Every structure is written in C-alpha cells, then in structure tokens.
Amino acid sequence: MPMLPPQTPAQAIERVVREEWGRILAALVKSLGDIQRAEDCLQDAVARAMEIWPDTGLPDVPAAWLITTARRKAIDRLRRDARFTARIPELSHLIDVARDDAVADEIIPDKRLEMIFTCCHPSLEQKTQVALTLRTLCGLSTEDIAAAFLDKPAAMAQRLVRAKQKIAGAGIPYRIPDTSELATRVTAVLAVVYLIFNQGYSTLDRRSRSLTDEALRLGRTLHYLLPDEPEVAGLLALMLLHDARHIARRNTQGAMIPLEDQNRNRWDRAKIKEGDALLRQTLKRGAVGPYQIQAAISGLHAGSPSWADTDWVQIASLYALLFRMQPTPVVQINHAVAVSYAQSTSEAIALLDHLDEAPNFARYQPYHAACADIFARHGDVARAAQSYARAMSLTSDPAERRFLQGKRDALS
C-alpha cells in the first residue's frame with residue numbers, strides 16, 4: 001500500500017478544528033454563556049494556532065490548547081470592554097476557569113449534548129435549528145449552510161445572528177432537559193438530524209454529501225451521549241443503512257438508478273453490517289419507535305440479494321405498523337408502494353386515490369412519482385403519463401427529471 005504524504009501544518013490544524021469544533025465550542029459556551037462570544041474567541045484561538053503551531057508543532061492535546069487560548073482571549077476582550085466595571089464578576093469567573101485549565105488540561109468535559117438541545121430548542125423554528133446545529137456542532141461555514149438551503153449567505157448569516165440573540169435574550173438554558181420533557185426534546189433533536197441527512201442524501205454533489213456525513217457524525221455523537229435511548233440507535237441505524245446504498249444510486253454520467261436496477265455489489269457492506277447490528281441490539285429492548293421501524297424496512301432492502309427476492313409482505317406490514325404510529329400521508333405513500341408489490345396495484349391505488357386532496361400534496365413530488373409508477377404497472381397509461389409529467393415539473397434535479405422523462409416515454 002502506498003504511503004500517504006505527510007500532512008502540512010495547515011492541514012493538521014484544519015483536521016483538528018473540523019473534528020473537535022463541536023466539542024470545543026460546546027465547552028466554551030458552557031463557561032462563557034454566549035454562543036457568539038464563544039465562537040469569536042474560538043476563531044481567535046484558531047488564528048493564533050495557525051501562527052504558532054507550524055513552528056512549535058501540534059500540542060499534546062490540541063483541543064485543550066484551543067479551549068485555554070479561547071478563554072484567555074475572552075478575558076482580554078472583557079478587560080477591553082467599555083463596561084469593564086459591571087463585568088468584573090464575569091471576568092473573575094473566567095479567570096478561575098482559566099486557572100483550572102492548568103490542572104485539568106487534558107480533561108475536556110463533553111458539553112455537546114447540552115449544545116444540541118439548545119440549538120434544537122422548541123422556541124426556534126426548524127430551519128433555524130438545523131442551521132444552528134450545523135454551525136455550532138459541525139463547524140460548517142455560513143456559506144456552506146446557505147448553499148445547502150439554496151439561500152443567500154447574507155440571509156443565512158442574519159438567521160444565525162437572530163438565533164443566537166434569541167437564545168441570549170430569552171435566557172434559553174444550556175442544559176439537558178429534565179426527565180419529564182426529555183423524550184419530547186430528544187424526538188425534536190432526532191428530527192433535525194434526520195432532516196440534515198435527507199438534505200444531503202437527496203442529491204450527490206460534494207457539498208450535499210458533506211451534509212450526509214455531518215448527520216452521521218451527529219448520529220454517532222448522540223448515540224455515544226445517549227446510549228440507552230432506543231430511537232437514537234434506531235436513527236443511526238437507519239442513516240447507515242440508507243447511506244450504504246448512496247454510491248449505487250447514480251451512474252458515472254449522473255443518471256439516476258432506481259433501487260431495483262442498482263448493482264448491489266457496490267453497496268457499502270461495512271455500513272450495512274454496522275446498521276444491522278445496531279438495529280438488532282436496540283430492538284431487543286422492546287421500546288420500538290418510528291426510526292427503528294424505518295431502519296428495519298431499510299435493513300430488509302439491504303439484506304435482499306436481489307429486487308425479486310425482496311420481502312414485500314414484511315415491508316408492507318412494517319409500513320402498516322409505522323402508519324399506526326405516524327398516520328401521515330407520507331407514510332401512507334410508502335405503504336401503498338409496498339402494498340403494490342406485496343398484494344396488488346389495485347389495493348395500492350385505493351390507498352393513494354384520496355391523497356391528492358391532502359394539504360400541500362398537489363406540490364409533493366414523491367407522491368406524483370409513486371402514483372405514476374403504480375398507475376404504469378396497473379396498466380393505466382393515461383394517468384401514469386399525467387403523474388409523470390406532474391412529478392417532472394416539481395423536481396429541480398436534472399438527473400431525476402431525465403429519469404422520469406425516460407419512464408414516461410417508455411409508457412408508449
């Protein structure tokens with residue numbers, strides 16, 4: 001195996017910052033009490049590292065060095081503050097914390113869980129929760145977050161500023177919720193992580209791919225911090241099993257490859273094995289939730305040697321169980337597709353026919369794509385063509401549009 005070239009000092013610093021950003025920032029926020037101030041001081045510390053580490057080499061514990069330096073930068077900022085006298089108690093606290101750093105230089109308390117719950121606080125709208133999580137826990141730049149949402153960087157920057165101001169102004173605490181509200185808050189956090197995953201999984205460009213990787217990293221972090229929460233393990237298993245198939249979803253020209261035509265030898269067997277083991281372990285606890293059921297469905301696909309051997313009867317049963325837990329039109333669409341293979345297209349059409357009256361479903365692209373496929377297999381060419389045309393008009397992905405166009409053309 002060829003030797004990898006050694007990292008430059010700049011590359012080494014970038015790697016440390018990328019891998020440790022969330023843990024460092026969370027620890028700083030806990031001691032400084034303000035996200036923006038912690039972020040500014042961490043940026044100062046990184047700039048200082050870029051100046052001296054190329055000459056001195058990386059310290060034994062780079063994250064601890066960055067935290068200590070950032071806290072000292074915070075002390076310097078407070079001393080220069082025009083309201084210095086009023087902030088003496090705050091300064092004293094920081095000096096005490098900085099003094100403790102000399103004793104506990106290699107022990108960095110992991111405050112990421114508190115930070116995740118703060119970023120996903122119910123007083124913030126979900127898009128803001130996602131953006132703030134990507135910025136504070138993952139260290140993504142404002143430009144990358146804006147690109148993921150097709151927003152302008154200036155607009156995303158304002159969103160992040162307003163979120164930090166709201167957290168500070170409303171006194172939203174940096175803490176793990178009480179037992180009485182923990183389950184609800186965990187559900188909200190998982191929804192944010194899964195939204196980040198799907199935002200990246202829906203396309204295959206480099207920037208979107210990084211979102212998928214960040215969601216997996218957040219999932220692993222949550223599982224490490226909340227090892228006894230079954231749905232945390234369920235979500236991580238679901239993302240692993242989905243992501244195992246990503247490389248086979250398009251060909252070298254970027255054209256979409258549907259699940260039934262994918263080369264299963266290209267699937268990532270290590271991720272399938274990890275996701276399957278995680279799912280089996282958490283299902284033993286008996287507290288089955290929606291993410292575990294979706295992971296079980298994805299696991300059945302991942303474990304099928306071919307499309308023809310897929311256990312559609314079990315998949316349809318699992319979707320029926322999921323629908324009892326989450327009676328949403330989206331789940332019903334997936335249930336109908338499974339029923340079309342497990343039983344008949346007639347029964348699937350009966351499940352779908354009334355959904356076009358549901359709010360917002362006229363513009364929900366997966367609904368029209370699913371209808372088109374089922375109508376085509378049912379032999380209703382006219383309705384299939386109409387649904388394909390509607391699905392094409394609702395996608396912004398050229399590769400997906402070409403795939404749907406090909407399916408529509410094949411009807412004749």
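Helices here are DSSP runs of at least four residues, numbered from the N terminus. With that in hand, let's look around this predicted model. Its chain comes to 19 helices and zero strands, and Val288, for one, sits in the loop between helix H12 (269–283) and helix H13 (290–303).

**The whole chain**
- Of the chain's 412 residues, 47% count as buried.
- About 20600 Å² of the chain is exposed, and carbon and sulfur atoms supply 53% of that area.
- If you take the contacts with a separation of 6 or more, 63% of them are between residues 24 or more positions apart.

**How confident is the prediction?**
- The mean pLDDT of the chain is 85, with 90% of the residues at 70 or more.
- Over residues 84–88, though, pLDDT is below 50, and this stretch has six contacts in the model beyond near neighbours in sequence.
- Residues 90–107 also stay under 50 in pLDDT, and the model gives them 24 contacts beyond four places in sequence.

**A nonpolar patch on the surface**
- Back to Val288: together with Leu283 and Met325 it forms a nonpolar patch on the surface, with about 220 Å² of accessible area for the three together.
- Val288 counts as partly exposed because its relative accessibility is 36%, and partly exposed covers the range between 20% and 50%.

**Two buried residues**
- Tyr367 belongs to helix H17 (residues 365–378), and its relative accessibility is just 5%, so it counts as buried.
- Who touches Tyr367? Leaving out residues up to four places away in sequence, the partners are Ile333, Leu352, Leu355, Asp356 and Phe361.
- Take Leu352 from that set: it is 15 residues from Tyr367 in sequence, and their C-alpha atoms are 8.6 Å apart in space.
- A polar atom of the Tyr367 side chain lies 3.5 Å from the backbone oxygen of Leu352.
- Ser304 is in the loop between H13 and helix H14 (312–325), and it is buried because its relative accessible area is 6%.
- Setting aside neighbours within four places in sequence, Ser304 is in contact with Arg264, Asp309, Thr310 and Asp311.

**Salt bridges**
- The count comes to 18 salt bridges.
- One of them joins Arg220 and Glu274, whose closest N and O atoms are 2.5 Å apart.
- That pair links distant parts of the chain, with Arg220 in helix H10 (residues 206–225) and Glu274 in helix H12, 54 residues apart.
- Arg220 is partly exposed at 36% relative accessibility, and Glu274 is partly exposed too, with a relative accessible area of 31%.
- Asp353 and Arg383 form another salt bridge, with 3.1 Å between the closest N and O atoms.
- This pair also links distant parts of the chain: Asp353 is in the loop between helix H16 (345–352) and H17, Arg383 is in helix H18 (residues 381–393), and they are 30 residues apart.
- Asp353 has a relative accessible area of 37%, so it counts as partly exposed, and Arg383 is partly exposed at 34%.
- Where do Arg377 and Asp373 lie? They are both in helix H17, four residues apart, which is about one turn of the helix.
- Arg377 and Asp373 form a salt bridge with their closest N and O atoms 2.9 Å apart.
- Is Asp373 buried or exposed? Asp373 counts as buried because its relative accessibility is 19%, and buried means under 20%, whereas Arg377 is partly exposed at 32%.
- Salt bridges can also link up in a network, as they do for Arg175, Asp178, Glu181 and Arg185.

Technical notes:
Residues are numbered from 1 along each chain as its sequence is written. This is a predicted model: local features need pLDDT of at least 70, side-chain atom pairs count only at pLDDT 80 or more; totals for chains, interfaces and linings use all residues. Side-chain values use heavy atoms; hydrogens and water are left out. Patches are made of residues with over 30% relative accessible area and no salt bridge: like charges are joined within 9 Å, nonpolar side chains (Val, Leu, Ile, Met, Phe, Trp, Tyr) within 5 Å. Accessible areas come from the Shrake-Rupley method with a 1.4 Å probe; for residues, only the protein chains shown count as cover. A salt bridge is a side-chain nitrogen of Lys or Arg within 4 Å of a carboxyl oxygen of Asp or Glu. Helices (H or I, at least four residues) and strands (E, at least two) are DSSP runs, numbered from the N terminus. Buried means under 20% relative accessible area, exposed over 50%, partly exposed in between (1.4 Å probe, protein chains only). pLDDT is the predictor's confidence in each residue, from 0 to 100. Contact means heavy atoms within 4.5 Å. A polar contact is a pair of N or O atoms within 3.5 Å; within protein, one must be able to donate a hydrogen and the other to accept it, and residues adjacent in sequence count only if both atoms are side-chain atoms.
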